[in-house]
Structure formats: structure tokens, C-alpha cells
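This report describes selected local environments and helix packings in a predicted model. Individual residues and helix pairs are treated in turn.

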Amino acid sequence: MILNNIYIVAAFTLREILASPAFRALLAATALFAIMALAVSNLFLLETVKVQLDFLWLGMSLLGAGFSLFIGTTLMGHDITRGTASLFLPHMDRHSYLLGRTAGLTLALTLLLALMAVLSTATVAWGLEHALPDRAAGISLWSATIMGLFALLQSATILAMVLFTCSWATGVVEMMLFSSAFTLMAYLLPSVMSAITSSEVIAQVPAWSVAFIHTIDYLFPDMSGGQVALCIAHGLTLPTAELGWYLAGQCGYIITLVAAALLLFDRRDL
Amino acid sequence: MTLLTGLCLYGSSIACKPAQQADQTTLLTGGMPPAAQKMLAGPFAGSAADLDILALFSIYDTIRQQQTNQTDLWKKLNERLLAAQTLDPWFADTYRLTIGLTAFHEQGASTAVELLSRGAKARSWDWELPFMAGYIAHDFLHDDARAYALMSEAIKRPDAPPLAVGLASKFLQSSEGTEASIHFLNYLKASMPAQYRDIIDARIKRLEKKRQSG
């Protein structure tokens with residue numbers, strides 16, 4: 001019964017997203033990012049495929065974040081504030097509703113990034129065909145697909161943050177504001193941490209403030225997938241141990257945040 | 001209607017202000033410090049480095065068109081190269097432009113050696129960067145001790161040309177003397193594949209002849 005309800009909500013969510021103009025705009029934007037990657041890479045001298053992969057990674061990440069923040073927040077916000085879904089769906093418990101919405105949103109996100117990965121692979125294939133010899137060593141047609149999987153994982157983390165925020169926030173504006181702020185912090189914290197913990201800075205900063213920043217950093221997911229993307233773009237070998245910790249961290253964060261969202265959503269007033 | 005009026009006003013303000021040419025140049029050539037760029041780029045460090053290189057093309061174009069105040073522009077060009085390297089230390093285009101634009105410019109040789117030396121650490125498989133850094137250190141900075149250190153780093157890397165061996169020995173000879181150069185070549189010979197030893201032997205013979213005659 002619960003699984004059936006989850007399936008009904010997921011299918012409804014997917015149909016709702018596919019019909020929305022915002023999602024169609026994001027689908028069209030995949031082609032724009034691929035064209036932009038091709039156009040910009042032509043201005044460079046040697047590592048043109050690397051430049052393509054850089055801009056494709058940027059496109060994948062922005063599309064994933066845009067989908068989670070705009071489509072995810074709007075959908076959840078309208079359900080919670082206006083009761084939109086209750087007009088079309090049978091009566092069910094809150095767990096089934098939230099899990100169904102999560103499944104539907106994840107499916108639509110996967111669809112969006114799969115399209116982007118296909119276009120990226122075509123772009124890289126063209127790039128490899130026209131690249132200078134030895135200037136695309138280590139890069140293969142799979143590079144864009146692997147990058148797409150990393151982008152999917154990071155976007156799923158943002159989606160989990162959106163679901164968590166929507167489980168307690170009131171109103172679409174509040175949901176979007178907090179989700180955007182959390183996403184921005186998650187994206188910027190790894191590089192800010194790296195700058196703050198450099199030996200020159202740490203000598204000037206009091207110990208308590210470093211401990212405070214570390215505590216905030218632990219509350220947010222490790223969004224340093226950009227470093228992984230940079231290694232892929234250069235055709236370098238990915239460090240296995242670090243990659244393992246990164247993947248485990250992301251999956252753990254998604255599971256924890258969705259579980260917290262389910263607990264909070266059960267207890268909130270609607 | 002309001003939008004059209006706004007667009008007309010904006011368009012006319014751009015068209016009627018030729019005096020803003022200098023501001024526009026500043027906009028195209030200015031940039032944040034490398035550390036700040038790295039912090040703000042977050043997971044998009046690769047694209048940010050690419051944009052720095054594109055900005056560098058714009059700066060170089062301005063240098064070519066503008067006959068005065070070039071020192072400031074060359075400084076900005078070096079800053080962009082430094083930022084691109086900080087963001088993406090493996091990017092070969094940064095180093096190719098360093099060699100092509102900065103290295104042979106009187107105000108840029110020192111920066112070029114610095115950039116290429118750091119690049120040599122990041123691109124540990126690439127012999128070209130320490131080789132070029134060593135050459136620039138010798139030819140422009142006249143620092144043969146540094147040139148030798150960089151050139152001997154280049155010859156340890158895969159596919160390094162035999163020319164690097166000769167240059168490394170030459171730089172050591174000019175900074176430390178003939179005896180040190182022969183000692184270095186003998187040490188190098190023991191660790192090199194057989195096909196490289198003929199060139200090293202010839203160089204040792206030349207130096208020994210020079211030592212005996214001088």
C-alpha cells in the first residue's frame with residue numbers, strides 16, 4: 001500500500017514536472033551549455049577538450065542546482081501552502097507523500113542530467129576528434145558521463161537540502177531563500193575552509209574562531225566534487241581513497257537529511 | 001512601453017559617452033586577487049581559470065593597441081596568469097602563454113620563472129616546464145644556479161630531450177665550475193638509459209679537454 005502510494009506520487013510528480021515550462025527551459029538550456037562549451041573551447045590553444053569539460057561541468061552543476069532550487073522548492077511550497085497535490089492525489093500518510101515527491105523529483109533530475117550527459121559526450125567526441133595530439137591524454141568519451149554522475153550526486157545533495165528546508169519552512173519565499181543560502185554555503189565552504197586553514201591565515205586567527213568555522217563546515221555536505229571534475233577534465237587518475245570518502249560522505253548526508261525531513265514533516269502543522 | 005523606454009535610455013547613454021573608453025578597458029582588464037578568485041569559484045575552479053585566460057587575451061589586445069601606460073597592463077596580465085595557475089595548476093595553456101607572452105618581456109621574466117617552477121611541481125610528468133624555466137632563468141635572469149636546478153629537474157622526467165642534459169651541465173659549469181659539471185655528468189650517466197650515455201660521454205670528454213687545456 002505504501003509502495004503503491006509512493007509510486008502514484010512519483011508518477012504524478014514526474015508528469016507535473018514534464019509539463020512545466022520551467023523544466024522545458026532547463027532541458028533547452030542543456031543544448032545551450034553544450035554549444036557554449038564548444039564555442040569557448042575554440043578560443044584556446046592547447047587543452048581545448050579540458051575547457052569543454054570545465055564548461056560542461058559548470059552547466060551540469062548549474063542545471064542540477066537550478067532544478068532543485070526552483071522546481072523542487074516551488075512544487076513542495078505549493079503543496080504545503082496551497083494543498084495543490086491533495087486536489088489530485090488520493091488520501092495518504094505524510095511519509096508516502098514526501099518519499100513519492102522525493103522519488104519523482106530525483107527521476108526528473110536524473111532525466112535532465114542524462115540528457116546533459118548525452119550532449120556532453122557528443123561535445124567531447126567532437127573535441128577529441130579535433131584536439132591536438134597528446135593534449136587530450138587520459139580523456140575518453142566516458143569522461144563526460146562520469147562527470148554527469150558526479151553532478152547528479154551533488155545535485156541530489158542539494159535536492160535533499162531543499163526537501164529538508166521545505167519540511168519545516170513556511171511559504172515558498174522562505175523555502176527558496178533558505179535553500180539558496182544553504183546551497184551557496186555548501187558550494188563555497190570547502191574553498192573558504194581551504195583559504196582559512198592555510199598556514200599564513202591560521203597564524204593570525206584566534207583558535208576559537210577556527211573551531212567555530214570547522215563546526216559550521218561539518219554541518220554542510222562536502223561539495224568539493226569540483227576538484228574531482230578538474231581531475232577528470234585533465235584526464236588524471238582519481239585518488240581512490242579520497243573518492244571513496246567523498247562518495248560515502250555524500251550518500252550519508254543525503255540519507256541523513258531525507259530522514260530528518262521525514263521526521264520534521266511528520267510533526268509540522270499544515 | 002516602460003521596458004522600451006528604459007532600453008532606449010540605456011542605449012543612448014552608452015552611445016553618447018565616448019569618454020568612458022578608459023572605464024571599459026578597466027572593466028575588461030581588472031580582476032580579483034588569486035586567493036579571492038579561488039574562494040569564490042568554489043567547485044568551478046576550472047571554468048574560472050579559463051575565464052582568466054580569456055581576460056588575458058583581452059589585456060594583451062589592449063597592450064597591442066595602447067602605446068602608453070603598458071607597465072600597468074603587463075602587471076595585470078601577470079596577475080591573470082597567476083590567478084589561472086592558482087585556480088587550475090595543471091592547465092597547459094597558462095604555461096604556454098607564460099612562455100609566449102611573459103617570459104620574453106623584460107618585466108615578466110622573473111614572474112615567468114616563478115610560474116613555470118610552480119607549474120613544474122603540479123605537472124610532474126611534463127619536462128617542458130622546468131626546461132623552459134631553466135632556460136629563462138639562464139638567459140634573462142642570469143641565475144645559472146637556479147637554471148641548473150630546474151634543468152636537472154627536467155632531465156629526470158620522461159621524454160626529456162638530450163639537449164637538456166647539455167644545458168644543465170653548462171649552467172652548473174658557469175655557476176659552480178668545470179669540476180662540478182663533470183661530477184654531475186658522471187652521476188647522471190649512471191642513472192640514465194644506455195641510449196643517452198653517448199651524448200653525456202661526449203660532453204664529459206669536452207669538459208675534461210677544457211680542464212686540461214685551461
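Leaving aside residues up to four places away in sequence, Thr13(A) touches Leu75(A), Gly100(A), Arg101(A), Gly104(A) and Leu105(A). Thr13(A) belongs to helix α1 of chain A, which spans residues 2-19. With a relative accessibility of 0%, Thr13(A) counts as buried, because the cut-off for that class is under 20% relative accessible area. A polar atom of the Thr13(A) side chain lies 2.6 Å from the backbone oxygen of Val9(A).

Ser180(A) also has a side chain that reaches a backbone oxygen, here that of Met176(A), at 2.6 Å. Ser180(A) is found in helix α7 of chain A, residues 172-196. Its relative accessible area is 29%, so Ser180(A) is classed as partly exposed. Between the C-alpha atoms of Ser180(A) and Ala131(A) the separation is 38 Å, and these residues are 49 apart along the chain.

**Helix packing within chain A**

Two packed helices are described by the angle between their axes and the distance between the axes. The following table gives these values for three helix pairs, one of which joins chain A to chain B.

| Helix pair | Angle between axes | Axis distance |
|---|---|---|
| α6(A) and α11(A) | about 25 degrees | 8 Å |
| α2(A) and α5(A) | roughly 20 degrees | within 10 Å |
| α3(A) and α4(B) | roughly 125 degrees | within 8 Å |

Helix α6 of chain A covers residues 142-166, and helix α11 of chain A covers residues 240-267; their axes are at an angle of about 25 degrees. That angle makes α6(A) roughly parallel to α11(A). The crossing of α6(A) past α11(A) is left-handed. From α6(A), the residues in contact include Phe150(A), Leu153(A), Ala160(A) and Phe164(A), while those from α11(A) include Leu243(A), Tyr246(A), Ile254(A) and Leu264(A). By class, the contact of α6(A) with α11(A) comprises 18 nonpolar and 3 polar residues, with no charged residues.

Tyr246(A), one of the α11(A) residues that meet α6(A), has a relative accessible area of 5% and is therefore buried. Its C-alpha atom is 8.0 Å from that of Gly225(A), at a sequence separation of 21 residues.

In the pair formed by α2(A), residues 21-41, and α5(A), residues 94-130, the axes cross at roughly 20 degrees. Accordingly, α2(A) is roughly parallel to α5(A). Their crossing is right-handed. Among the participating residues are Phe23(A), Leu27(A), Thr30(A) and Phe33(A) from α2(A), together with Leu111(A), Met116(A), Thr123(A) and Trp126(A) from α5(A). The contact of α2(A) with α5(A) has 15 nonpolar and 2 polar residues and no charged residues.

**Contact between the chains**

Where does a helix of chain A meet a helix of chain B? The axes of α3(A) and α4(B), the latter covering residues 45-65 of chain B, come within 8 Å and cross at roughly 125 degrees. This crossing angle makes α3(A) oblique to α4(B). α3(A) passes α4(B) in a left-handed crossing. On the α3(A) side the contact is made by Lys50(A), Val51(A), Asp54(A), Phe55(A) and Leu58(A), and on the α4(B) side by Gly46(B), Ser47(B), Asp50(B) and Leu51(B). These residues divide into 4 nonpolar, 2 polar and 3 charged.

Ser61(A) lies in the helix α3 of chain A, residues 48-82. At 2% relative accessibility, Ser61(A) is classed as buried. Apart from residues up to four places away in sequence, Ser61(A) touches Tyr187(A) and Phe44(B).

**Chain B**

Chain B contains 12 helices and 0 strands. Of its 214 residues, 43% count as buried. Among contacts in chain B between residues at least 6 apart in sequence, 59% join residues at least 24 apart.

One residue of chain B merits attention for its backbone geometry. Most residues other than glycine have a negative phi. His142(B), in contrast, has a positive phi near 55 degrees. His142(B) is situated in the loop between α8 (128-139) and α9 (144-155) of chain B. Its relative accessible area of 64% places His142(B) in the exposed class, because that class requires over 50%.

Note on methods. Residues numbered from 1 in each chain as written. Chains lettered and ligands numbered in written order. Predicted model: local features only at pLDDT ≥ 70, side-chain atom pairs only at ≥ 80, totals over all residues. Heavy atoms only, no water. Helix = DSSP H or I, 4+ residues; strand = E, 2+ residues; numbered from the N terminus. Buried < 20%, exposed > 50% of the residue type's maximum accessible area, 1.4 Å probe, protein only. Polar contact = N/O pair within 3.5 Å; in protein donor to acceptor, adjacent residues only side chain to side chain. Axes fitted to C-alpha atoms, helices over the stretch in contact; angles between N-to-C directions. Parallel < 35°, antiparallel > 145°, perpendicular 65-115°, else oblique. Left-handed = near helix turned anticlockwise from the far one by under 90°. Contact = heavy atoms within 4.5 Å. Nonpolar A, V, L, I, M, F, W, Y, C, P; charged D, E, K, R; others polar.
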